[in-house]
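Q: Could you take me slowly through one part of this structure, explaining any term that I need along the way? I would like to see how that part is put together and what it touches.

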Amino acid sequence: MLNVRNLSVGVDGKAILRNLNLDVRAGEVHAVMGPNGSGKSTLAQALAGHPAYTVTGGEVTYLGRDLLAMPPEERARAGLFLAFQYPIEIAGVSNAAFLKAAINEMRAARGQEELDAMEMLEVLEKKLALVDMDRSFLSRPVNEGFSGGEKKRNEILQMAVLEPKLAILDETDSGLDIDALKIVAQGVNSLRRPDNAIILVTHYQRILNYVEPDRVHVLFDGRIVKSAGKELALELERKGYDWIKEQPAPVQPAA
Amino acid sequence: MSTSQKTLEALANRDYKWGFVSDIEADTLPPGLNEDVIRAISAKKAEPEFMLQWRLKAYRHWSKLERAAGEPKWANVTYPPIDYQKIVYYSAPKRQGEGPASLDEVDPKLLETFEKLGVPLAERKLLAGVAVDAVFDSVSVATTFKDKLAELGIIFGSFSEAVQNHPELVQKYLGSVVPYTDNFYAALNSAVFTDGSFCYIPKGVRCPMELSTYFRINAAKSGQFERTLIVAEEGSYVSYLEGCTAPMRDENQLHAAVVELIAHERAQIKYSTVQNWYAGDAEGRGGIFNFVTKRGKCAGRAARISWTQVETGSAITWKYPSVILQGDDSVGEFYSVALTANRQQADTGTKMLHIGKNTRSTIISKGISAGRGNNTYRGLVRISPRAANARNYTQCDSLLLGDRCGAHTFPYIEVGNASSVAEHEASTSKISDEQLFYCKQRGLSTENAVSMIVNGFCKEVFKNLPMEFAVEATKLLGVSLEGSIG
């Protein structure tokens with residue numbers, strides 16, 4: 001589904017990712033872990049096409065298409081979803097209006113008809129339950145006045161509603177209490193299907209207690225330095241990140 | 001310049017759908033202004049003597065102002081000097097015979113023009129729940145639902161008719177809120193105004209439909225000087241809306257209107273404007289100079305006047321819809337969205353003059369600047385010494401699209417007693433790259449993202465518009481910002 005080859009990305013002229021390689025297949029959940037400043041968020045933002053992140057080298061193929069050639073809205077319409085680490089506020093625009101616009105853009109991209117207000121409400125009601133939100137959530141302006149936990153749940157709601165093919169969650173688990181964490185995990189698990197994939201970018205192992213990853217990657221200094229099964233996360237939890245720094249970088253990642 | 005800024009610049013270039021010219025034979029006075037022109041206008045309208053005398057006094061006052069200092073210079077706008085002798089002060093569609101007794105007799109080309117503008121006047125197509133007075137250049141050409149309103153004692157129609165049929169009301173209220181000495185353009189308007197709408201709501205009557213005037217400038221080189229007068233008697237209610245468009249022309253045209261509202265005890269007047277005069281092209285050629293004086297008086301206790309304006313057109317907008325809060329417990333409100341794109345300039349705001357006790361006012365102003373547009377909020381809140389316990393809340397927000405536009409705020413607050421409270425909040429923001437990226441990551445195009453963010457910014461104002469027009473205004477902003485991308 002996603003093949004990242006030798007991806008290099010810089011911000012403001014500073015190199016962050018260096019020749020990063022990653023392969024994600026349909027049906028898989030990948031955890032990308034690493035210490036602060038290792039380039040985790042840069043990877044997430046670059047895959048989504050944030051204009052501040054400049055790709056300086058490498059290739060990314062997504063569902064057989066050249067991802068890097070696609071503008072951000074095209075990537076979104078092709079089913080790539082980014083749950084933001086810091087969700088953005090939009091004053092005066094209700095969650096419902098925002099979701100409606102997003103859903104209809106996605107539907108249009110798939111050649112489907114727009115949903116009317118009633119059909120929309122039906123879809124939204126179902127998904128609200130999933131993230132333990134009530135209807136009043138829909139009439140509030142997007143992320144404005146939301147608590148940290150509410151913002152993260154709102155990201156998961158959007159993800160659940162838009163049903164992406166590839167969801168990238170950028171530290172969605174950080175700053176959440178245990179109840180909110182369970183809700184987020186439940187949202188992620190409900191999306192887990194043989195035909196889509198999830199990349200969990202996270203600093204901590206604890207969300208992996210609720211969402212079991214197929215692969216765990218450790219990002220350090222702009223490269224993936226270690227990839228293994230879920231047991232790697234536990235090892236990181238026990239030993240911290242320091243021992244990783246001593247590891248030699250792999251020439252080619254496990255595909 | 002970042003990509004998103006470039007996109008915003010492109011979005012600020014706008015298509016104007018209402019820029020066509022109707023080929024209609026007109027009865028036009030030659031350009032120029034003197035006492036003979038004023039006598040000619042008054043004679044054409046067969047006005048009673050008091051009107052002519054009032055016009056002449058206004059003209060003499062205006063001439064004095066013009067000789068002394070000319071037009072006011074304090075506004076934050078720049079434009080070449082206006083030659084008032086080159087303007088045509090009267091242009092009316094030629095009438096067959098005595099003038100239309102019913103809509104069937106109105107020139108079909110006129111009906112067609114208004115239909116094209118989305119304001120159908122033909123009986124079978126009337127907008128449900130909205131009575132319309134259509135003003136074309138200098139005169140009112142048709143008013144719908146007049147008879148139905150008359151059953152309730154409501155007078156709604158052209159100003160000219162009111163002068164003929166209700167001279168006592170006109171004489172009593174004309175100039176009572178905006179005297180001809182008020183300012184340069186008010187004096188000019190008082191001297192040469194040719195038509196406009198008149199509305200009278202009798203005591204205790206709640207007007208069952210929206211009243212609306214649609215202003216259309218068509219003739220070249222002509223100015224439009226209309227006058228609107230609304231009187232709401234004790235305990236009555238009326239909601240009123242005006243819309244305006246003009247053809248695209250390379251030269252500037254002057255629009256200098258006066259609107260006076262009088263709300264008696266417990267009466268309520270809601271006045272909404274969707275102003276979409278031609279704004280000029282991307283280089284700032286052409287467009288309407290919109291120099292307008294609008295003021296309402298809460299004459300009685302607990303009267304209420306609300307101004308809601310959506311200003312998207314005109315090369316230059318200069319207007320300050322104001323409320324004189326004379327009656328105790330009266331309420332004044334001003335909700336405004338002003339959009340300046342390309343080279344448009346707007347200097348707009350309000351005056352809330354608190355005279356009565358326990359008077360309250362609210363000001364919500366949303367300025368949006370794009371392209372090389374320049375947007376100024378100018379507002380005065382004056383609480384007189386006897387206006388005990390008066391309250392004002394003011395909020396001024398500016399949104400900048402791109403990096404070549406300007407936003408300015410000039411709030412004046414004068415509080416004359418210790419029991420009153422005036423609050424002022426202001427903010428300036430940009431559509432951030434982060435907001436745009438967030439929307440795009442959810443699949444929205446740049447156009448839709450900007451439009452959504454701008455509409456969200458204006459929400460507090462739009463919610464005060466009558467339902468049908470809120471939808472129109474939302475669309476208008478969408479249309480104003482879309483177009484030339486890609």
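A: A residue counts as buried if 20 or more other C-beta atoms lie within 10 Å of its own. In this predicted model, buried residues make up 56% of the 486 residues in chain B, a chain that has 12 helices and 23 strands. Among the contacts in chain B with a separation of 6 or more, 83% are between residues 24 or more positions apart.

The part to look at closely is the side of chain B that touches chain A, where the contact takes 19 residues from chain B and 20 residues from chain A. On the chain B side, at least two residues each come from α1 (3–12), α9 (433–441) and α10 (446–457), and it is α9(B) that gives the most, with seven residues. When the residues of this side of chain B are sorted by character, six are nonpolar, eight are polar and five are charged.

A contact between two helices of chain A can be set beside this: helix α3 (residues 95–109) and helix α6 (residues 148–162) of chain A pack at an angle of about 35 degrees, with their axes 10 Å apart, and their crossing is right-handed. Among the residues that make this contact are A:Leu99 and A:Ile103 of α3(A), together with A:Gln158 and A:Val161 of α6(A). Here the residues of the contact divide into six nonpolar, three polar and no charged, whereas the side of chain B that touches chain A includes five charged residues.

Key: Residues numbered from 1 in each chain as written. Chains lettered and ligands numbered in written order. Predicted model: local features only at pLDDT ≥ 70, side-chain atom pairs only at ≥ 80, totals over all residues. Helix = DSSP H or I, 4+ residues; strand = E, 2+ residues; numbered from the N terminus. Buried ≥ 20, exposed ≤ 12 C-beta atoms within 10 Å, placed from the backbone. Contact = placed C-beta atoms within 7 Å. Axes fitted to C-alpha atoms, helices over the stretch in contact; angles between N-to-C directions. Left-handed = near helix turned anticlockwise from the far one by under 90°. Nonpolar A, V, L, I, M, F, W, Y, C, P; charged D, E, K, R; others polar.
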